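The exercises below ask the reader to work from the sequence and the coordinates together. Each task is followed by a solution that goes step by step.

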Amino acid sequence: MKTVFIAATLILCACTAWGMVGGPIFPVGSQMTAMTVEASKVTLKTVSPSGSGSQEGTSDRMFLSARYGVLSNVDLSAMLGTSNLGFNNLYGGYSDFRSNWSFAWGAGARAGFPLGSPRYQAICGLQYTGFQPKGSSSNGIQTVSSKYIWHEVAPSVAVGARVGPLVPYLGVAKPFFFGRRDVMVAMHGRAFPAAGGQTSYADGQQPVRGILGLEWKLPDGYSLTAEGMTTPAGIWTLSLGVAQVLK
């Protein structure tokens, strides 16, 4: 929960502005801007850093994002922040892989379509996230050091409704992972170049994730958002955000 407290502290340092009807869920409106601080924890399943097959991992993330409305129902976003990556219970007796926090970035686009009334909308989105985690794991004899150039792309579709100050929404998202992994292997502390190298990966086997979220609109354009994503296999994401819509 430490990242959640950091997020709240950062947004409280922002300047107060007039509240508008948009928000982090529905598009903010033409020539409008929204600023959001978001903390999230992501579970994922991909190739393990020891190269021993599929492995579940986690990634903690903290972003400051800016959203700008290019049309009344379309906005674009840019994100800057930090992220890490970890894998547990690796095969072959390897220790856990845990990267340090590293610079992260992202971009997105979103379009809203009224469903009979402006209170109800279908929202189509596309989100990109990138970062470069690095770390190592060891089995006492061999140490595998990995550096990733990590990319995620996640299209999504959701339906939301305004119920007073609350905006509940639900939908689905389909993440894709791709990028490059640089590997260095050491045996008893001595580099073993023949076992290392550079590999590209593209993991299109990620399952579709269900989305359930709730936005709570507050005075002066502020809002709080909680969102969860999950799969039947128990892979999940939890995000908490604080936002303000600016003129």
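**Exercise 1.** Is E152 buried or exposed?

*Solution.* The model is a predicted one. The step that decides the matter is the relative accessible area, which for E152 is 10%. Because buried means under 20% relative accessible area, E152 is classed as buried.

**Exercise 2.** Identify the salt-bridge partner of E152, and place both residues in the secondary structure.

*Solution.* Begin with the side chains: those of E152 and R61 meet in a salt bridge, with an N to O distance of 2.3 Å. Next, locate the two residues, E152 in strand β9 (residues 142-161) and R61 in strand β2, so that the salt bridge ties together parts of the chain 91 residues apart in sequence. Finally, consider the accessibility of the partner: R61 has a relative accessibility of 5% and therefore counts as buried.

**Exercise 3.** Which residue forms a salt bridge with D60?

*Solution.* The partner of D60 is K41, and the closest N and O atoms of this pair are 2.8 Å apart. Assigning the elements then shows that the pair links distant parts of the chain, since D60 belongs to strand β2 (residues 54-71) and K41 to strand β1 (residues 33-47), with their positions 19 residues apart in the numbering. As for accessibility, K41 reaches 32% and so counts as partly exposed.

**Exercise 4.** Describe the salt bridge between D75 and R110, and name the network to which these residues belong.

*Solution.* The side chains of D75 and R110 meet at 2.5 Å, N to O. D75 lies in strand β3 (residues 74-83), whereas R110 lies in strand β6 (residues 102-114), so this pair ties together parts that are 35 residues apart in sequence. Salt bridges with shared partners join R67, D75 and R110 into one network. Both D75 and R110 are buried. For the model as a whole, the count comes to six salt bridges.

**Exercise 5.** Turning to the backbone, where do Q31 and H188 lie, and are they buried or exposed?

*Solution.* Take Q31 as the starting case: its phi is near 60 degrees, a positive value in a residue other than glycine. Q31 lies in the loop between α1 (2-12) and β1, and with a relative accessible area of 58% it is exposed. H188, which is not a glycine either, has a positive phi of about 50 degrees. H188 is found in the loop between β11 (176-187) and β12 (190-191), and its relative accessibility of 63% makes it count as exposed.

Terms used: Residues numbered from 1 in each chain as written. Predicted model: local features only at pLDDT ≥ 70, side-chain atom pairs only at ≥ 80, totals over all residues. Heavy atoms only, no water. Salt bridge = Lys/Arg side-chain N within 4 Å of Asp/Glu carboxyl O. Helix = DSSP H or I, 4+ residues; strand = E, 2+ residues; numbered from the N terminus. Buried < 20%, exposed > 50% of the residue type's maximum accessible area, 1.4 Å probe, protein only.
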